[in-house]
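User: I am new to this structure and would like to go through some of its contacts and strands. Could we take them one at a time?

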Amino acid sequence: MNYIVFGGTKGIGKAVVDGLLDEGHAVWSVSRSDVGQLGVESILWDALSEEPIIGLPAVIDGVVYTPGSINLKPFNRLKSEDFQSDFVLNVLGIVKALQACYPGMKEATNASVVLFSTIAVSQGMLFHTSIAAAKGAVEGLTRSLAAEWAPQIRVNAIAPSLVNTPLASRLLSTPEKIEASALRHPLRRIGEPNDIAQAVVYLLSNRSAWTTGQILAVDGGMSAIQ
Ligand SMILES: NC(=O)c1ccc[n+]([C@@H]2O[C@H](COP(=O)([O-])OP(=O)(O)OC[C@H]3O[C@@H](n4cnc5c(N)ncnc54)[C@H](OP(=O)(O)O)[C@@H]3O)[C@@H](O)[C@H]2O)c1
């Protein structure tokens, strides 16, 4: 199968690339830097730009879009530009990515799309207004597009809690912060990229062939258990 991972160089996207390679798939990583990984094609593209995405394969069996932000500030300190930049990267980037991949996905028998929300959409969290607003839009887009592209293309999203990636490094910069975050989760640890990547690989595969329009919580039990 041919899979496109937007943001395959770091964090969750890199773990998805590794998981797909383990299963013998062909993988393209699209991001601002070269993935530098044997067996993976790199396409250079900035999700904030209006540039075309050059080098996508003719047939695309699945797409994952991982670029995102954690811009945490008290509401009164957030400017319009903060809301706009979170929306451009988290939502409009998906629009550009999926419009570019659509011709290839139409050529596949049944393609699958996996997008990223956050636990902060379903659970009110301090200082998350901007990112929660942008990711709330991702959840709406997921369900709407799942309706529009059924039955040929499935569209799902994952809503993680805190995961140990470069994006979250400021929240996890000391052993004390890591411990405190771990204790907030019913499963008593923060997420690792592979915890999320396994769910992504499942949603891309035919093992989830009867699942679309879902927001899957992969969050150490945080959203479901007191
Ligand atoms: N980590 C968490 O705790 C957490 C929690 C909840 C939700 N999430 C969501 O999960 C998703 C993945 O997060 P992560 O922690 O794996 O992120 P990450 O560590 O920042 O990795 C993001 C990837 O996206 C690429 N990227 C970033 N900006 C880009 C741009 N403008 N254009 C193209 N590519 C870009 C990066 O590659 P280059 O630098 O090479 O461009 C990198 O490969 C995000 O949507 C995030 O909001 C994460």
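Analyst: Helices here are DSSP runs of H or I with at least four residues, numbered from the N terminus. The model is a predicted one.

User: In which helix do R143 and E139 both lie?
Analyst: R143 and E139 are four residues apart, about one turn of the helix. Their side chains form a salt bridge, with the closest N and O atoms 3.9 Å apart. The helix that holds both is α3, residues 129–149.

User: Is E139 buried or exposed?
Analyst: Buried means under 20% relative accessible area. E139 has a relative accessibility of 11%. Its partner R143 is partly exposed at 45%. Because 11% falls under that cut-off, E139 counts as buried.

User: How many salt bridges does the structure hold?
Analyst: Side chains of opposite charge can pair when their charged atoms come close. Among the pairs here is R189 with D195, at 2.7 Å from N to O. The structure's count of salt bridges is six.

User: How many residues apart are E50 and K96?
Analyst: These two form a salt bridge, their closest N and O atoms being 3.6 Å apart. E50 sits in the loop between β3 (40–44) and β4 (62–65), while K96 belongs to helix α2 (residues 80–106). The pair thus links distant parts of the chain, and the separation is 46 residues.

User: Which of the two, E50 or K96, is buried?
Analyst: A residue is buried under 20% relative accessible area and exposed over 50%. E50 has 66%, so it is exposed. K96 has 18%, so the buried residue is K96.

User: Which residues of β4 are buried on its two faces?
Analyst: Both faces of β4 are covered. One side carries G62 and V64, and the other carries V63 and Y65. The buried residues are therefore G62, V64, V63 and Y65.

User: What is the bridge partner of F6 in β4?
Analyst: Strand β1 (residues 2–6) pairs with β4 in the parallel sense, over four bridges. In β4, the residue that partners F6 is Y65.

User: Which residue of β5 stands opposite V63?
Analyst: β4 also pairs with strand β5 (residues 111–116), in the parallel sense and over three bridges. Opposite V63 in β5 stands V113.

User: What is the handedness of the crossover from β4 to β5?
Analyst: The chain leaves β4, passes through α2 and reaches β5. This path is a β-α-β crossover, and its handedness is right-handed.

How values were computed. Residues are numbered from 1 along each chain as its sequence is written. This is a predicted model: local features need pLDDT of at least 70, side-chain atom pairs count only at pLDDT 80 or more; totals for chains, interfaces and linings use all residues. Side-chain values use heavy atoms; hydrogens and water are left out. A salt bridge is a side-chain nitrogen of Lys or Arg within 4 Å of a carboxyl oxygen of Asp or Glu. Buried means under 20% relative accessible area, exposed over 50%, partly exposed in between (1.4 Å probe, protein chains only). Two strands pair if DSSP finds at least two bridges between them. A crossover is right-handed if, with the strands pointing away from the viewer, the path from the first strand over the helix to the second runs clockwise.
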